Amino acid sequence: MLPDIDRLGPELVLMVSGGLIILADLALREGMPAPRRGALLAYGSLAGIVGSIAWAVSLILRDREGTAFHGSLVVDNFSLFFVFLFLGVAILVILASIDYGQRFGRYQGEYYALILLATSGMMLLAGGRDLIAIFVALELTAISQYVMAALLKDTRSSEAGLKYLLLGAISTAVLLYGMAFLFGLSGTTKLIAPPGEPSIAATVAAADASLRGALVLSMVLVAAGLAFKTAVVPFQMWVPDVYEGSPTPVAAFLSVASKAAGFAVVLRIFYDGLSAPFISSDWSNLFAAVAAISMTVGNVIALTQTNIKRLLGYSSIAQAGNIMVGIAAISAANGNFALGAGGVVFFLGTYAFTNLGAFIAVIAISSRLGSDVIADYAGMGQRSPLLALALALCLISLTGIPPTAGFVAKVYIFNTAVQSDLVWLVIVAVLNSVVAAYYYLRVVGQMYLVPPPQEERVPVSWSLGVSLGAAALGVLIIGLVPTPLISAAERAVNVFS
Amino acid sequence: MLSFIVFLPLLGALAIALLPRDEEGRARELAASVTLAVFLASLILFSLFDRSEGGFQFTEQFRWIRASEAGFDIHYFLGVDGLSVVMLILATFLFVLAVFVSWGIDVRPKEYFAWMLILETGVLGVFTSLDLVLFFLFWEVELVPMYMLISIWGTGRKVYSAMKFVLYTISGSALMLAGILILGFAAGTFNMVALAQMEITEALIPLPAVFFLIFAAFAIKLPVFPLHTWLPDAHTDAPTAVSVILAGILLKMGGYGMIRLCVSILPDVAHDYAVWLTAFAAVNVVYGAIVTMRQTDLKRLIAYSSISHMGYVLLGIFALGQVSMTGATLQMFTHGTITGLLFVMVGLVYDRAHTRDISVLSGLAPRMPVIATGFVIAGLASLGLPTMSGFVSELLVFLGSVKSYTIPTLFAVAGILLTAGYILWMLERVFFGPPNPRWADLTDATTWWERLPMVGLVASILAIGIYPATLVPVIEAGITPIVARLG
């Protein structure tokens, strides 16, 4: 039992800190001005995250990789990669929230606690190897996020929260339906188990062609449920509204962490559970089609956006399409499952830095301007050179222009598709990158070409500066020296082979 | 050595970006010293270059990206052969002059010179990369600096033109990326030296499709009719120095890429489709020349004449002979200097008259004898007058291509006549018509920074025209191994 709890340590630390944050919030409510209280709570959450990181590092140092709770959770390179990714994202988001958090009024404590809870849920997701564990973790994440989206308590934010909740509930039902099929087919909820014990992987591997229809059906349902999390077409409807209405740090968190968590589960279920050769070509085709449609729809609609948060929303749909390219790139033919998965995990790592950087810059700019309209970004290059430079760098990275992380990620993931003989998908993807260049560069142009309406400088607080600097540096460093992150991603997905 | 040349401009750009706000004026001096240092370094490189030896020299190589699972092995691999060293000299030379041409920039000078130096790093990287992915990386570096340079410091519909340039370029490079990845997967390496020695027989898609995916990027850049429509807009609306770089260097990246990637790596496909491509070259020459005739804007006129002259490059390359390809490469060099000079002169005229409308400009020669002289020399060089460099390169192209591709060559030679027509007609109208009283108080080019680029370019045009052997043996050293593979 104790080793099991030990392996759950990083998540437990976060959950406990979340509880402590709420208690501290209660205790501090009397006699402390809100800004100070908010900052203190933020530091407290950061301390919790640092504790969680320390525990995760100690797991590695003590060589404690392995399964926990009868194989329903696992600590392996894959889950550890995502543990660090989510914790890093949470740090940056919390740093970027310290100023913004004032708008939550008396709910600052709840906000930080929810971030910690959602993060712990995502970490569990990455380590889940049992459908029930995965489902519970997914709900922990999702419910925290529904509340976070509505936390501003104004019309837009409430609408965002409600919309997210309703669509989320439907998608969860679909996912559950698919999971029920898998359970019915295999008699177990375990994705993978030691030889001799029943598991979904074993059932699928032993299944004959007569089960194919049922397997494909359950696969489609599970994929549809998860597509909501990863925000790919046709389950993307919520994205622009929720991004626009919810607090910007929450949108940042959703666009990066929630998406990564969704893809982590997709990889886990489809690689660990459903990777039998006789159906994997089906899901390869399914994902390839979804990828092509997603990037096209996202990019084309993004062209006409005038609000930066909506623009980033559609861009995140398009980027999800790019990631899907990696999911589709299953070179089942030569058995190299790690190929596409490595691309996905690496892309998610670079995307975390890039998109977080863009959102943090938007937080910094919008909170000063009081506007998310792209036209108001005019002259930002003069009003706040470093801020504009960081945002431009992130947008260039999203476009996939060197020397940024996005460039390497784009080349890498398209290369996995070439190696899997998906030439048509690569052509669709590269042509889409042309469309994307137009709207990303238009924002850059707005900041540098259009003269500012007023000369007043746009200052940046230290916490926003630190988080933005970290994200932008990450974008640049990964762009120049990508090999360490690539190796980490490949080690992470090697657990599937 | 090569890394120093390629990345020194980038360091310069960083230094300029870090200049304090009240010392903005220093930016141009810093940019001038950096580009001069890079030019000198590349001259030293040129003098150390061993002409007797084919193959790549001054190579530098280390592993940059390694993805063992994905079979993805990308090297930082630089080197030059006779072809790239000539392009390197051209680029570093024109960047020095471009900085002097920009001496009068007073709008946001720090950003201007920083972008220009970043652009130089990208361009030099293209000419020296020997790994496909690295080549592609440098190829894309150019995008953002060019977008900024045209759309901030340009004139007219600058934002439109800048975006058009970016979208055309990025469409080409998107297709090239697909082509490169397919090629690299088929060959199992991205190493361009290895690829150029390998017999690639099949890929995921038919080899001609791979060829044209990659060719598309270069055809847009060169440009090849009908993909040329970005060029007149970008040229016309760009600031003078950027037009010089665009015409002088960026177009050459297209021709260079065709030789280095398309012909070297897929010689058989190049051979199979040479008939079509030379036909396109003839269309380029004649169509470009005819459209040039109709232009009323000086800059647009030169822009269209570039399209026509790039047809010679296309013809020379895909005539696939030793002489023709040497001529094409030399033509890239000479067109870079000649058109550079033409744009410099147009810039000087525009700075004074604030118009480029040929029908309004008239009788300028008495008012500005120095500018008129420079313009006339540039014009004569452009129409291929003997003793000027354009003559040598065009002659080599025609000599090399006339035997195997007679009809396209005849059309291209006819282009020379058209060129003489539009150049002389333009010179006559602008400089030698009846003096227009509106231009009575215009002054000549008097400052050193206006005259220096002019003198430098004229000197290089004459030097190569009179003694082409400074470059030709070097180019041949680079072309010979490529032609040898064509069988």
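1. A residue is called buried when its relative accessible area is under 20%. Ala201(A) has a relative accessibility of 17%, so Ala201(A) counts as buried. This residue belongs to helix α8 of chain A, which covers residues 200-206. The model discussed here is a predicted one.

2. What does Ala201(A) touch, once its neighbours within four places in sequence are left aside? Its contacts are Leu191(A), Ile192(A), Asp272(A) and Gly273(A). A distance can be added: the C-alpha atoms of Ala201(A) and Phe183(A) are separated by 11 Å, and these two residues are 18 residues apart along the chain.

3. Ser463(A) is a second buried residue to look at, with a relative accessible area of 2%. Because the cut-off for buried is under 20%, this value of 2% places Ser463(A) in the buried class. Ser463(A) sits in helix α19 of chain A, residues 462-480. Apart from its neighbours within four places in sequence, Ser463(A) is in contact with Leu95(A), Ile98(A) and Asp99(A).

4. Arg64(A) is found in a loop of chain A, between α3 and β1 (66-68). Is Arg64(A) buried or partly exposed? Partly exposed is the class between under 20% and over 50%, so Arg64(A), at 33% relative accessibility, counts as partly exposed. Not counting residues up to four places away in sequence, Arg64(A) touches Asp6(A), Arg7(A), Leu59(A) and Val75(A). The C-alpha atoms of Arg64(A) and Asp4(A) are separated by 9.9 Å, with their positions 60 residues apart along the chain.

5. Next, the nonpolar core. The largest one contains 388 residues, and Phe82(A) and Phe318(B) are those with the most contacts inside it. Helix α14 of chain A, residues 338-369, gives this core its largest share, 18 residues. In soluble globular proteins, nonpolar side chains tend to be buried together.

6. Which residues does Phe82(A) touch, if residues up to four places away in sequence are not counted? They are Ala126(A), Ala260(A), Ala264(A), Val345(A) and Leu348(A).

7. How many cavities of 30 Å³ or more does a search of the whole structure find? There are three. The largest has a volume of about 200 Å³. Its lining is made of 23 residues, and Gln319(A), Asn322(A), Phe347(A), Leu398(A) and Thr399(A) are the ones that lie nearest its centre.

8. Six helices of chain A each supply at least two residues of the lining of the largest cavity: α12 (277-302), α13 (308-328), α14, α16 (385-399), α17 (405-419) and α18 (423-448). Of the elements in this lining, α18(A) gives the most, with six residues. Sorted by class, the lining of the largest cavity has eleven nonpolar, eleven polar and one charged residues.

9. The second largest cavity has a volume of about 140 Å³. It is lined by 18 residues, and those nearest its centre are Arg7(A), Glu11(A), Val74(A), Val75(A) and Ser79(A). Two or more residues of this lining come from each of α1 (2-7), α2 (9-28), α3 (34-61), β2 (73-75), α4 (77-100) and α5 (108-127) of chain A. By class, the lining of the second largest cavity divides into 13 nonpolar, two polar and three charged residues. Two of the residues nearest its centre, Arg7(A) and Val75(A), are also touched by Arg64(A).

10. Chain B lines the second largest pocket with residues that include Val101(B), Ile105(B), Pro239(B), Thr240(B) and Asp351(B), which lie nearest the centre of the pocket. This pocket holds about 490 Å³ of space, and 27 residues line it. At least two lining residues come from each of α3 (82-101), α11 (240-265), α14 (322-353) and α18 (448-466) of chain B. The most come from α14(B), with six residues. The lining of the second largest pocket divides into 16 nonpolar, six polar and five charged residues.

11. Helix α15 of chain B, residues 369-382, has 14 residues. From its first C-alpha to its last it reaches 20 Å, close to the 20 Å expected at 1.5 Å a residue. Its buried residues are Ile371(B), Ala372(B), Gly374(B), Phe375(B), Ala378(B), Gly379(B), Ala381(B) and Ser382(B). The cover over these buried residues includes α13 (298-318), α14, α16 (389-401), α17 (406-431) and α18 of chain B. Just after α15(B), Gly384(B) has a positive phi of about 85°.

Conventions. Residues numbered from 1 in each chain as written. Chains lettered and ligands numbered in written order. Predicted model: local features only at pLDDT ≥ 70, side-chain atom pairs only at ≥ 80, totals over all residues. Heavy atoms only, no water. Core = buried A, V, L, I, M, F, W, Y, C linked by side-chain atoms within 4.5 Å. Buried < 20%, exposed > 50% of the residue type's maximum accessible area, 1.4 Å probe, protein only. Helix = DSSP H or I, 4+ residues; strand = E, 2+ residues; numbered from the N terminus. Contact = heavy atoms within 4.5 Å. 1 Å grid on protein atoms, 1.4 Å probe; cavity = no way out; pocket = protein on both sides within 12 Å on 5 of 7 lines; lining within 4 Å. Points joined across faces, edges and corners; volume = space filled by probe spheres on them. Nonpolar A, V, L, I, M, F, W, Y, C, P; charged D, E, K, R; others polar. Expected span 1.5 Å × (residues − 1).
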